Amino acid sequence: MLTVLFIFIEGLLLISAATIAQLKWQPEKITKQSILADHMKLSNETLFSEVPTLAFVTQWNPRGFLLAKKRANHLDFVSNVWFNVAPAFGLEHMENVVIRGENDINRDFIRTLRKSNPDIKIVPRFFFTEFGDETAEYFVRKETLVQKTAQEIANLCHKHGFDGVVIDGFGTFVHSLRDNKMETVEMFMQIGNVIRRNELTAILSIPALAGAEDYGEKKQKNTSPLTQEECSQLTDSYDFVQLWTYTDGITTSRHLINDQYLLANLQLFGFSTKIFLGINFYGLQYNLKEYRAGPRLRPWEPITSKQFLEVLKLEDSVLTWNEKNKEHELVSESQNTFILFPSLTTLEYRIALAKEHNVGVAFWDYGQGLDYFTNLA
């Protein structure tokens, strides 16, 4: 019999039919021994072949490129993290942008992907990291400059034969979002509309905006800086919106990723089928003594699969299942570390939830996790 989970958020009834009991990868199947024995094994099929997928690949985790080539026939979109949009100044103010990263384009990688999967879409990420607060405030108020920037991005895509873009700028414009929300939302809308007018796929990458619990800490109220109407306007301006669910791009805090959090964010965007639910392939660790003592005020430290496996191999390390947030936790007294690292159970559950609501999944990043994660979708 199907077990249904009911969740109330802001007076609305949200229903998730996904349950752990229905999963192939039950929590007890994931042990230290099973991970060490199987984490490199790749299958020819995927568990969720019908769920749209977006994989990010980065130069600092080159294994992602290898895995993307091996799994290209299972991926719909691949986003290479190559480009940075930087302001170019005149005598007094910002007058244009410079797009850095063309020298990093890996054409052999793109050719290999297209050979394996002619339908795959190459949608590199464009990051905005060099805008100071004052420059960002100036930029969002200059419609002509915003449209010019978007056209420069589109021109570069046409030049190199890309299929679209991922626009990632919320972290840079967070102060503008607080102080000039309407102008900042309109800025992102303008960029998306220009990209789409150029017959390119436009994807907006933003933090999951609805409130959540910090991991193991007191529950917080919904603190979304945007209304549902504003989220709908952004969705209308892009082909897809990718939500980071693994960290909060506004406060940079670590969230307890439970059903309430995920569904609240899908609900904020009206359960649009244009959503990519962001899923992390990397882990996080915390000083064990500080974690137990609380409160956890220090930022969590990201870790890759290599670091996770090193601790997993230790005799004193203990792997347990946390039912509340549906994650495996790894503890080592000798290393004084508490680790949250994705498992097949956690990933399968979240992909099942995405499938239930007809949204896609986006993996950050493809080279940080265990190889067999890519067997899921």
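In the predicted model, Lys 326 forms a salt bridge with Asp 259. The closest N and O atoms of this pair are 3.7 Å apart. Lys 326 sits in the loop between strand S17 (318-322) and strand S18 (327-332), and Asp 259 belongs to helix H9 (residues 259-268), so the bridge ties together parts that lie 67 residues apart in sequence. Both partners are hidden from the surface: Lys 326 is buried, and Asp 259 is buried as well.

Helix H9 as a whole is mostly covered. Nine of its 10 residues are buried. Asp 259 is among them, as are Tyr 261, Leu 262, Leu 263 and Ala 264. The buried set continues with Asn 265, Leu 266, Gln 267 and Leu 268. Just after the helix, Gly 270 adopts a positive phi of about 65°.

H9 also packs against a second helix. Two packed helices are described by the angle between their axes and the distance between the axes. The axes of H9 and helix H12 (residues 344-356) come within 12 Å. They cross at roughly 30°. This angle is under 35 degrees, and H9 and H12 are therefore roughly parallel to each other. Their crossing is right-handed. On the H9 side, the contact involves Asp 259, Leu 262, Leu 263 and Leu 266. On the H12 side, Tyr 349, Arg 350 and Leu 353 take part. Five of the contact residues are nonpolar, two are charged, and none is polar. Asp 259 thus appears in two settings: it bridges to Lys 326, and it meets H12.

Other charged pairs were found in the model. Side chains of opposite charge can pair when their charged atoms come close. The count of salt bridges comes to 15. One of them joins Lys 181 and Glu 230, with the closest N and O atoms 3.2 Å apart. Lys 181 lies in helix H7 (residues 181-197) and Glu 230 in helix H8 (residues 228-237), so this pair links parts that are 49 residues apart in sequence. The two partners differ in burial. Lys 181 has 26% relative accessibility and counts as partly exposed. Glu 230, at 16%, counts as buried, because the cut-off for burial is under 20%.

A further salt bridge connects the side chains of Glu 290 and Arg 298, at 2.9 Å from N to O. Glu 290 has a relative accessibility of 36% and is partly exposed. Arg 298 is likewise partly exposed, also at 36%.

Asn 375 is found in the segment after strand S20 (360-364). At 15% relative accessibility, Asn 375 counts as buried. Its contacts were examined with neighbours within four places in sequence left aside. Asn 375 then touches Lys 41, Leu 42, Ser 43, Glu 45, Thr 46 and Leu 47. Arg 71 is in contact with Asn 375 too.

These local features belong to a protein chain of 377 residues. The chain has 12 helices and 20 strands. Of its residues, 59% count as buried. Contacts between residues at least 6 apart in sequence were also surveyed. Among these, 74% join residues at least 24 apart.

Terms used. Residues are numbered from 1 along each chain as its sequence is written. This is a predicted model: local features need pLDDT of at least 70, side-chain atom pairs count only at pLDDT 80 or more; totals for chains, interfaces and linings use all residues. Side-chain values use heavy atoms; hydrogens and water are left out. A salt bridge is a side-chain nitrogen of Lys or Arg within 4 Å of a carboxyl oxygen of Asp or Glu. Helices (H or I, at least four residues) and strands (E, at least two) are DSSP runs, numbered from the N terminus. Buried means under 20% relative accessible area, exposed over 50%, partly exposed in between (1.4 Å probe, protein chains only). Axes are lines fitted to C-alpha atoms, for helices over the stretch in contact, and angles run from 0 to 180 degrees between N-to-C directions. Angles under 35 degrees count as roughly parallel, over 145 as roughly antiparallel, 65 to 115 as roughly perpendicular and the rest as oblique. A crossing is left-handed if the near helix is turned anticlockwise from the far one by less than a right angle, and right-handed if clockwise. Contact means heavy atoms within 4.5 Å. Ala, Val, Leu, Ile, Met, Phe, Trp, Tyr, Cys and Pro count as nonpolar, Asp, Glu, Lys and Arg as charged, and the others, Gly among them, as polar.
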